[in-house]
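Thanks for coming. I have one structure to go through this morning, and I will keep to what can be read from the coordinates.

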Amino acid sequence: MRELWQQPLFRRLLVTRLSSQTADGLFQASLVSAVVFDPTKRTGPIQVATGFVVLLLPYSLIGPFAGVFLDRWRRQRILVRGTLVRAAIVVLAALLLRQEGPSGLGFTVAALAALSVNRFYLAALSAALPNVVAGDQLVLANAVSPTAGTLVTILGGLIGLSLRTVVGRDAAGDAFVTLVAAAAYLGSAALARRLPADSLGPRDLDTSPLLAQLTTVAAGLRDGARHVRSRPVAAWALAVISAQRLFYGLWTIMTVLLYRNVFVSHGLLRAGLVGLGQVVTANGIGLVTAAAVTPWITARIGTQRWIWIVTAGLAVAGFCLELPVTMAGQIGSAVCFGFATQATKVCVDSLVQASVDDDFRGRVFAFYDTLFNVSFVAAALVAAFLLPESGRSPLAVVVMAVGYAAIAVAYASRNRFSAPHSRSAATASS
């Protein structure tokens with residue numbers, strides 16, 4: 001870590017990421033506050049599910065095509081100009097929020113545009129990373145950067161919640177937090193300008209016809225899916241994480257509704273948006289803990305066995321913590337869901353890397369990314385029909401517990417945790 005931090009280009013790129021993702025947290029806090037916790041409008045599962053579909057589905061489908069542009073433009077310029085564009089969109093969103101409220105079409109379109117540009121920005125950061133660290137430090141850099149980004153996003157959200165308590169919890173307060181996010185984006189753009197223009201690649205700009213490149217990406221997704229079908233280890237790993245993502249999405253929407261419509265503040269545990277911030281923080285604690293311990297554990301027991309353990313464990317823990325419907329239980333389940341989800345993702349990434357051909361790896365991960373996001377969108381559609389308006393649903397808790405148990409049983413019966421795959425994947429994850 002010390003050697004990594006001493007590299008000037010990595011340090012500047014990381015600081016740029018952290019400033020940008022802090023702004024993301026601020027903007028997302030104002031967005032959730034305005035859309036979900038507006039006291040003047042009714043919020044049920046259909047409204048929350050619709051919000052998730054509108055905001056997540058477009059860039060989930062567009063995301064794989066971002067790589068085409070990342071190879072045609074200087075990535076340093078993407079970081080600068082993309083952040084400036086986001087700042088402008090977020091300022092517009094703040095004005096629309098103040099004028100027409102969170103239900104207006106203009107505000108929805110602006111929020112969607114800002115989140116879509118953010119997807120492109122994060123892809124540029126990932127593509128730039130190999131240009132600023134040595135090859136033997138890339139795994140560590142890939143572990144540090146996204147985890148740190150997630151933590152500062154949570155921090156930005158908490159800062160946004162704190163600002164709302166000072167400036168007001170109405171649309172004007174949300175608009176103010178949105179403007180603060182825009183200012184943070186401008187600061188991130190200024191930091192990105194400190195990076196040399198050609199330092200982040202690509203070395204040779206792709207000048208081939210754009211339409212041909214986009215067509216190639218679509219064909220690549222198809223080829224990636226076909227290649228996964230021929231690799232059972234990768235196929236089962238992607239099936240597990242997609243199914244987990246579905247139930248994780250259902251839990252997320254149920255949690256939002258409970259804090260919106262059921263829970264009442266008591267002691268240190270708060271209801272409403274502040275309480276949801278506590279849940280996000282607890283989820284982040286589970287995520288970071290899993291990222292820290294998973295490489296160590298998989299080196300000893302195998303990657304596939306660890307997937308089974310965390311999945312089966314979540315089936316039991318989630319049921320026990322969720323069924324009573326208490327804020328303390330929800331905080332505890334947030335830690336468990338964050339831990340199991342991140343532990344599985346680290347393992348699945350490693351299994352896919354170790355079991356697919358190098359020539360197909362990029363196309364497989366593009367397919368993986370699309371599958372990962374679309375599964376969460378599918379969860380929103382399931383929640384719209386399964387959850388009541390309050391979010392309190394013993395049936396949904398049972399469905400999640402049985403679902404995670406079924407995933408664990410199916411994965412164990414199919415894989416039997418063969419040692420060669422487990423050891424190779426453990427090596428890749430470390």
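I will start with the overall picture, then take three helix pairs, and finish with a few single residues.

First, the status of what you are looking at. This is a predicted model. The mean pLDDT over the chain is 84, and 88% of the residues reach at least 70. There is a weak part: across residues 418-430 the pLDDT falls below 50, although in the model this stretch still has 24 contacts beyond near neighbours in sequence. Where pLDDT is low, predicted coordinates should not be read in detail. I will leave that stretch there.

Now the overall content. The chain has 16 helices and zero strands. It runs to 430 residues, and 50% of them count as buried. Of the contacts with a separation of 6 or more, 86% are between residues 24 or more positions apart.

On to the helix pairs. Two packed helices are described by the angle between their axes and the distance between those axes. The three helices I want are H2, residues 8-36, together with H5, residues 75-100, and H6, residues 105-128.

Take H5 and H6 to begin with. Their axes are 9 Å apart, and the packing angle is about 160°. An angle over 145 degrees counts as roughly antiparallel, so H5 is roughly antiparallel to H6. The crossing of H5 past H6 is left-handed. Sorted by class, this contact has 20 nonpolar residues, four polar and three charged.

Next, H2 against H6. Here the axes come within 12 Å and the crossing angle is roughly 155°. H2 is therefore roughly antiparallel to H6 as well. This crossing, too, is left-handed. On the H2 side the contact residues include Leu13, Arg17, Asp24, Phe27 and Leu31, and on the H6 side they include Phe107, Ala111, Asn118, Tyr121 and Leu125. The class count for H2 with H6 is 12 nonpolar, five polar and two charged.

That leaves H2 and H5. How do these two run relative to each other, roughly parallel or roughly antiparallel? Their axes come within 12 Å and cross at roughly 20°. The cut-off for roughly parallel is an angle under 35 degrees, so H2 and H5 are roughly parallel to each other. H2 passes H5 in a left-handed crossing. From H2 the contact uses Leu13, Ser20, Asp24, Phe27 and Ala34; from H5 it uses Leu79, Arg86, Val90, Ala93 and Leu97. By class, that is seven nonpolar residues, one polar and two charged. Looking across the two H2 contacts, Leu13, Ser20, Asp24 and Phe27 appear in the list against H6 and again in the list against H5.

Now the single residues, beginning with helix H13, residues 327-355. Ser333 sits in this helix, and Ser333 is buried, with a relative accessible area of 0%. What does Ser333 touch, leaving aside neighbours within four places in sequence? The contacts are Trp251, Leu321 and Glu322. For Leu321, the C-alpha atom is 5.9 Å from that of Ser333, with the two positions 12 residues apart along the chain.

Further along, Thr344 is also in H13. Its relative accessible area is 0%, so Thr344 is buried. With neighbours within four places left out, Thr344 contacts Val240, Ile241, Gln244, Val310 and Thr311.

Another threonine, Thr294, belongs to helix H11, residues 272-301. Thr294 is buried, again at a relative accessible area of 0%. Not counting residues up to four places away in sequence, Thr294 touches Trp306, Ala343, Val346 and Cys347. Thr294 and Trp306 are 12 residues apart along the chain, and their C-alpha atoms are separated by 8.2 Å.

Last, a backbone point. Which residue other than glycine has a positive phi near 55°? That is Val325. Val325 lies in the loop between helix H12, residues 303-322, and H13. Since buried means under 20% relative accessible area, Val325 counts as buried at 18%.

To recap the helix pairs: H5 is roughly antiparallel to H6, H2 is roughly antiparallel to H6, and H2 is roughly parallel to H5. That is what I have.

Terms used. Residues numbered from 1 in each chain as written. Predicted model: local features only at pLDDT ≥ 70, side-chain atom pairs only at ≥ 80, totals over all residues. Heavy atoms only, no water. Axes fitted to C-alpha atoms, helices over the stretch in contact; angles between N-to-C directions. Helix = DSSP H or I, 4+ residues; strand = E, 2+ residues; numbered from the N terminus. Parallel < 35°, antiparallel > 145°, perpendicular 65-115°, else oblique. Left-handed = near helix turned anticlockwise from the far one by under 90°. Nonpolar A, V, L, I, M, F, W, Y, C, P; charged D, E, K, R; others polar. pLDDT = per-residue confidence, 0-100. Contact = heavy atoms within 4.5 Å. Buried < 20%, exposed > 50% of the residue type's maximum accessible area, 1.4 Å probe, protein only.
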